[in-house]
Amino acid sequence: MNYPRLQALWPLTPSDIEQYTQALQDFAELVNPQNGGRLVPKDEEDDPVLETALHGRVHVLCTLDRHFHHRAALESFRKRGIEVWTDVELLIPLRETSRPSSHNE
């Protein structure tokens, strides 16, 4: 949240960031990823993200990180039951579920 590109969109103070991350910790299920070898081709620093997703039993990982969208990485994730979506792909089902129902009550 301190990245310049994020600060340009959301200029948060260190206190704002601390409050946000604390809220995430209070809400989230914390997991400890295990080092299970290379999982994300092209960027070993992404492996802990996938390990966390596996340990947390996620079904969808939303990221714009190009390494997660590499063909070999996508195949590896599919074998583990994880789909990798972009932010735009995630918006589609979110918008569908937030639409008011069309039937009269």
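Among the elements of the protein, strand β2 (residues 83-85) has the highest mean pLDDT, at 93. Helix α3 (residues 47-55) has the lowest, at 82. These scores belong to a predicted model. Over the whole protein, pLDDT averages 83. A score of at least 70 is reached by 90% of the residues.

**Fold**

How many helices and strands does the protein have? There are five helices and two strands. Read from the N terminus, the order is α-α-α-β-α-β-α. Three helices thus come ahead of strand β1 in that order. A helix stands between the two strands, and another helix follows strand β2.

**Overall shape**

The radius of gyration of the protein is 17 Å. For a compact globule of 105 residues, a value near 13 Å would be expected. The C-alpha trace spans about 50 × 40 × 25 Å along its principal axes.

Buried residues make up 19% of the 105 residues. The protein exposes about 8,500 Å². Carbon and sulfur atoms supply 54% of that area.

Contacts give another view of the chain. Take those with a sequence separation of 6 or more. Of these, 34% join residues 24 or more positions apart.

**Charge**

Negative side chains number 17 and positive ones 11. The centres of the two sets lie 9 Å apart.

**Two residues to find**

Two single residues are worth locating in the model. The table puts their exposure side by side.

| Residue | Relative accessibility | Class |
|---|---|---|
| Proline 93 | 28% | partly exposed |
| Arginine 57 | 58% | exposed |

Where is proline 93? Proline 93 sits in helix α5, which covers residues 87-98. Why does proline 93 count as partly exposed? Its relative accessibility is 28%, and the partly exposed class lies between the 20% and 50% cut-offs, so proline 93 falls in that class. Proline 93 can also be set against aspartate 16. The two are 77 residues apart in sequence. In space, their C-alpha atoms are 29 Å apart.

Arginine 57 lies in a loop, between helix α3 and strand β1 (60-62). Its phi is near 60°. That is a positive value in a residue other than glycine. Is arginine 57 buried or exposed? Arginine 57 counts as exposed because its relative accessibility, 58%, is over 50%.

The loop that holds arginine 57 starts after helix α3, the element with the lowest mean pLDDT.

Key. Residues are numbered from 1 along each chain as its sequence is written. This is a predicted model: local features need pLDDT of at least 70, side-chain atom pairs count only at pLDDT 80 or more; totals for chains, interfaces and linings use all residues. Side-chain values use heavy atoms; hydrogens and water are left out. Helices (H or I, at least four residues) and strands (E, at least two) are DSSP runs, numbered from the N terminus. The radius of gyration is taken over C-alpha atoms; the globule rule is 2.2 Å times the number of residues to the power 0.38. Buried means under 20% relative accessible area, exposed over 50%, partly exposed in between (1.4 Å probe, protein chains only). Contact means heavy atoms within 4.5 Å. Accessible areas come from the Shrake-Rupley method with a 1.4 Å probe; for residues, only the protein chains shown count as cover. Lys and Arg count as positive and Asp and Glu as negative; His and the chain ends are not counted. The place of a charge is taken as NZ of Lys, CZ of Arg, CG of Asp or CD of Glu. pLDDT is the predictor's confidence in each residue, from 0 to 100.
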